[in-house]
Amino acid sequence: MISIAVCDDELLECVSISAKIRDCMEELGIPCSIEQFQSGKNLLGSLGRFDLIFLDIFMEEMDGMETARRCRALSYEKKLIFLSSSRSYVFDAYDVEAFHYLVKPVDQEKLKNVLKRAAEKELRFSRDYIVVSRERQKRKVFLETVRYFEIKGRQIDVHEENGSFAYYEQMGALERQLEGKGFFRCHKSYLLNLKYVEVYNRQEAILDNGEKIIIAKRRYDKFCQAILAYMREHGGIL
């Protein structure tokens with residue numbers, strides 16, 4: 001799954017380019033999620049969720065080039081693609097290590113080629129992870145190794161394949177950060193990686209290692225929808 005952000009302060013432009021991107025990704029057979037932003041400021045608060053960001057250059061308040069600089073200052077290392085009606089900023093794009101620069105109106109075939117190259121590189125080299133603060137240090141947590149997150153007071157326990165550790169975070173913030181990445185909050189205390197669910201019923205999910213995780217009654221229907229969608233996407237259901 002490739003997670004894409006489109007940032008353009010013109011709503012119709014934002015909707016239009018998002019639709020073009022979705023069409024291209026469907027043609028390429030690459031699953032994706034697309035989120036739209038009408039300002040660079042709003043985008044900066046959600047950087048960790050995206051593998052690929054499309055930025056319009058001419059925006060009010062904070063233009064696309066300044067938004068890109070701030071993305072890099074916040075250690076966003078993934079791909080930036082600029083959109084502009086002018087070629088004037090092509091060389092500036094090198095300063096922020098842009099992946100590509102597309103001139104409006106965007107040619108559909110060129111867009112598809114750019115997306116194909118970006119997605120292939122991302123899928124080949126990227127492993128989803130989050131960065132957490134623990135004992136005054138930053139630590140990468142690769143999501144594929146996490147069975148579930150558990151909230152205990154003000155701490156979150158990270159239950160990985162090879163053990164567990166704790167760090168300070170709010171479960172709601174973590175849930176938002178992991179949106180679209182195969183996790184589901186099946187109970188107020190648990191954020192579960194659907195990859196590890198072997199069996200489930202109305203009361204609990206049983207993981208591949210035999211652990212049992214409670215499913216809240218009011219979340220069961222949504223849990224069923226989430227795990228069925230996950231299985232369709234990852235080959236569990238034809």
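A cavity is a set of points on a 1 Å grid over the protein atoms alone where a 1.4 Å probe fits but cannot get out, and lining residues have an atom within 4 Å of a point. Its volume is the space filled by probe spheres set on the points, which are joined across faces, edges and corners.

This is a predicted model: local features need pLDDT of at least 70, side-chain atom pairs count only at pLDDT 80 or more, and totals for chains, interfaces and linings use all residues. Residues are numbered from 1 along each chain as its sequence is written, and side-chain values use heavy atoms, with hydrogens and water left out.

**Exercise 1. Find the largest cavity and describe its lining.**

Step 1. Search the whole structure: one cavity of 30 Å³ or more turns up. The volume of the largest cavity is about 50 Å³.

Step 2. List the lining. Among the residues are Ile2, Ile4, Met25, Asp51, Lys79 and Glu122.

Step 3. Assign elements. Helices (H or I, at least four residues) and strands (E, at least two) are DSSP runs, numbered from the N terminus. Strand 1 (2-7) and helix 5 (108-125) each supply at least two lining residues. Helix 5 gives the most, with four.

**Exercise 2. Locate a cis peptide bond and a positive phi.**

Step 1. The bond from Lys104 to Pro105 is cis, with omega near -10°. Pro105 lies in the loop between strand 5 (100-103) and helix 5.

Step 2. Glu61 is not a glycine, yet its phi is positive, about 65°. Its loop runs between strand 3 (52-56) and helix 3 (64-73).

Step 3. Is Glu61 buried or exposed? Buried means under 20% relative accessible area, exposed over 50%, partly exposed in between (1.4 Å probe, protein chains only). Glu61 has 84% relative accessibility, so it counts as exposed.

**Exercise 3. Classify an aromatic pair and place it in the chain.**

Step 1. Apply the rule: rings of Phe, Tyr and Trp (its six-membered ring) pair if their centres lie within 6.5 Å; planes under 30 degrees apart are stacked, over 60 edge-to-face, the rest tilted. The count comes to 10 aromatic pairs.

Step 2. Take Tyr148 and Tyr190. Their centres are 5.9 Å apart, with 65° between the planes, and the pair is edge-to-face.

Step 3. Tyr148 lies in strand 8 (residues 146-152) and Tyr190 in strand 12 (residues 190-193), so the pair ties together parts 42 residues apart in sequence.

Step 4. Check burial. Tyr148 is buried at 4% relative accessible area. Tyr190 is buried too, at 15%.

Methods. 1 Å grid on protein atoms, 1.4 Å probe; cavity = no way out; pocket = protein on both sides within 12 Å on 5 of 7 lines; lining within 4 Å.
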